[in-house]
Amino acid sequence: MMQNVHLAPEEDEDDLYSGYNDYNPTFDTEDLENDTVFQQAARTSHGRRPPVTAKIPGTATSRPIDTAFGDGVSRPMTAVQAAGYTKAAIRGSLFDPLGQARGPAPPLEMKNPDSSEEKIRQLEKKVNELVEESCIANSCGDLKLALEKAKEAGRKERVLVRQREQTATSESINLDLTYSVLFNLASQYAANEMYAEALNTYQVIVKNKMFNNGGRLKVNMGNIYLKQRNYSKAIKFYRMALDQIPSVHKDMRIKIMQNIGVAFIKTGQYMDAVSSFEHIMSLSPNLKAGFNLLVCYFAIGDSEQMKKAFQKLIAVPLEVDYDDKYVSPNDDPHTNLLLEAIKNDSLRQIERERKSMAEDYIMAAAKLIAPVTEPSFAAGYDWCVEAVKASHYVELANDLEINKATTFLRQRDFNQEKELAQATTYADLAVSSDRYNPAALTNKGNTVFANEDYEKAAEFYKEALRNDCSCTEALYNLGLTYKKLNRIDGALDCFLKLHAILGNSAQVLHQIAAIYEIMEDPNQAIEWLMQLISVVPSDPRALSKLGKLYDKEGDKSQAYHYYYESYRYFPSNIEVIEWLGAYCIDTQFCEKAIEYFERAALILVHNFVFLMCRPTQVKWQLMVASCYRRSGNYQKALEKYKVIHQKFPENVECLRFLVRLCTDMGLKEVHEYLTKLKKVEKLKEIREQRIKSGRDGSARNRREGSADGDAGGSKGERLSARLKALPGTSEPYQSSSSKAIDASYTDPLGPQAERPKTAARKRTEEDDFADEELGEDLLPE
């Protein structure tokens, strides 16, 4: 098509078309068909030639195309009227493609605001605005406002439908608007936990056949039933929704099947749940389905299937890019700047979250199946570590190893991680590479300490302190070493220096209090323990130690206060329960003592059940019966003694009290229990004679075999016994931040308490791992 050209004024037209006039000064309209230049110029954009004549408006005649300008010169014209070539141009007017010369366009016709169509249009606009406001309020967390907006939108939408029906307009009802209003209303009901109203609203949508794909909302209804713990109905609606979703929507079907599997887990139907999750893992493996599958096999107890499920779990791809893409292949400043900009953007944060979620699933799965897939916990964890090493989550293998070690620490099973030979080798390498490194010297001292060569360990710790006087690990370990060597003053000096450096360190305060107790200075021990509980007020072991010291001092009321506080924080300490029960009996509160003794008996029963053996401790049950008898409740005491006799038919003390009670109460059963008592006493005498004769023979053999033994051995045994009797040597201490306090509570500072602290790395006192049931364990640098 020809380009639009602005025509020049009349006096300049000669110049504009001068080239053409020079070519054909005598323009002949009679011979246009033979004029090749004209024919070429007159062709349209489709290559067709228009007729050479045109009708003049208002006439019935036609004449050849003749565009005349003011000077009488003619030239060919196109038929594209939109370009501005109109008859006005013939009369010498300006180029006017927009028709501006004809005057302004007439104003638009104003809409009548009172018309029914305009009212319907405005009402529809208001409904849409209300739905949007409801959604925005929900996203901002204002659920009440969101529900109010949704209800108002529903009311106005019904008014809109009635107005459309009354006006009988040709426009049909806006089904999309109705659907969005109802769907938003149901969603807001569910968000506000108005489940019955939400279900009714969803039911309106589902039953209306005019709404396409409304049946998919049965998934939402299933979710509501799941929240209501109506799992059978949830499964029913999930399956109905699954039937209505075509197979092309693979992701949606997978998610619904996953919901079905979760609902089966909630109902305890693990085999049905396994079927759902196995199907998902075969079609589209994902971490959630893989973990749930493993949990189902764990609940069933199938160890082999647990291993297979774990392998399927770690075979799921991570679905995030690796960190290599954030490293510039060359040292290009522009590329580095770009990578720095995207290194912590929102997409990168999503990648981190997905990676963290995958690691959490795998770590949790390993912790779950490790104790049950192999004969021992260590073997099970080793299998998990090897499986992870062979997957693309290989970096998690080290984390699993660390988790394994910390699990042994929590279980107080230090021997599982004790590899002294290897530790000694690495410690020697560290010392040989840098003789003046305090951390290397401290760790070397730890290996010597573990081999019970305390004198040599003290030398390494002293050398570490000479190289770095601020090495608190070496100073702490030196104090422990002096305690082992019974150099109490030196140990006290070390811990007092540590207290001046570290301030309120719970471990240091405990050591100082223990040393003062060894030195038989209870007042100082109490003072330091008071400082300790000001730092860790919920430490049950420190509280019970205070109660014990006050009891020795004769202050029963203070002793009861601290023993009771210890019991409140850790109600499974048998020693504390025994003291509290005895105190209640002494103060004539037998009913209260019954509570303590029954708890002690319950704890022992649970422990024996855990160990899969029959309980043999009858002491606490007898104490309960004795409390009933002391309080005058003889009938209750008799019933308790009968229960004890059924469990322990050979217990002499129980039979004696049964005979006494039956005699006092005039019961005929006294003869039966008296006969049983005589038989049991006779059997007991026979057993004691056999044991005594066996002991005499053993003692005679020992005397004959050890006649040439040295006296040093007996002296060493006496010294060892005396050291063990010292209250600070093996007295346990529970750290305040212990995370697993239950009936299986064990002292963190038991026989393994006197272990030195390592110097692996520097850390502050606030480090979570620093106080996690370590007691006097190795303190990293």
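Student: In this predicted model, does E517 count as buried or exposed?

Tutor: The class follows from relative accessible area, and a residue counts as buried under 20%. E517 has a relative accessibility of 10%, so it counts as buried.

Student: With which residue does the side chain of E517 form a salt bridge?

Tutor: Such a pair is read from the separation of a side-chain nitrogen and a carboxyl oxygen, which must lie within 4 Å. The side chain of E517 meets that of K545, with 3.5 Å from N to O. This pair links distant parts of the chain, since K545 belongs to helix α26 (residues 540-552) and E517 to helix α24 (residues 506-518), 28 residues apart. K545 is also classed as buried, at 9% relative accessibility.

Student: How many salt bridges are found in the whole structure?

Tutor: The search of the whole structure gives 16. One of them joins E124 and R164, whose closest N and O atoms are 2.5 Å apart. E124 sits in helix α5 and R164 in helix α6 (residues 143-167), so that distant parts of the chain, 40 residues apart, are linked. R164 is buried, with a relative accessible area of 8%.

Student: Which residue forms a salt bridge with K149?

Tutor: The partner of K149 is E133, and the closest N and O atoms of the two are 3.1 Å apart. Because K149 lies in helix α6 and E133 in helix α5, the pair ties together parts that are 16 residues apart in sequence. Both residues are partly exposed: K149 has a relative accessible area of 22%, and E133 one of 33%.

Student: Which residues does L130 contact, leaving aside its neighbours within four places in sequence?

Tutor: Contacts are read from heavy atoms within 4.5 Å. L130, in helix α5 (residues 116-139), is in contact with K149, E152, A153 and K156. The C-alpha atoms of L130 and K149 are separated by 5.8 Å, although the two residues are 19 apart along the chain. L130 is buried, with a relative accessible area of 1%.

Student: Which residues touch the most other members of the largest nonpolar core?

Tutor: Such a core is assembled by joining buried residues of certain types through side-chain atoms. The largest has 87 residues, and F495, Y641 and I644 are those that touch the most other members. Beyond residues up to four places away in sequence, Y641 touches L622, A625, S626, R629, C654, F657, L658 and L661. Another core, of 71 residues, lies apart from it and includes Y195, A198, M257 and L293.

Student: How many disulfides are there, and why does C471 not form one?

Tutor: A disulfide is a covalent bond between the sulfur atoms of two cysteines. Here the count comes to zero. The closest cysteine sulfur to that of C471 belongs to C469 and is 9.8 Å away, too far for a bond. C471 is buried, with a relative accessible area of 1%, whereas C135 counts as partly exposed at 38% relative accessibility.

Student: What span should helix α27 have, and what is the distance between its end C-alpha atoms?

Tutor: The expected span allows 1.5 Å a residue. Helix α27 (residues 556-569) has 14 residues and should span 20 Å; its end C-alpha atoms are 20 Å apart, so the two values agree. The buried residues of α27 are A559, Y562, Y563, E565, S566 and Y567.

Notes. Residues are numbered from 1 along each chain as its sequence is written. This is a predicted model: local features need pLDDT of at least 70, side-chain atom pairs count only at pLDDT 80 or more; totals for chains, interfaces and linings use all residues. Side-chain values use heavy atoms; hydrogens and water are left out. A nonpolar core is a set of buried Ala, Val, Leu, Ile, Met, Phe, Trp, Tyr and Cys residues joined through side-chain atoms within 4.5 Å. Buried means under 20% relative accessible area, exposed over 50%, partly exposed in between (1.4 Å probe, protein chains only). A disulfide is a pair of cysteine sulfur atoms within 2.5 Å. Helices (H or I, at least four residues) and strands (E, at least two) are DSSP runs, numbered from the N terminus. The expected span of a helix is 1.5 Å times one less than its number of residues.
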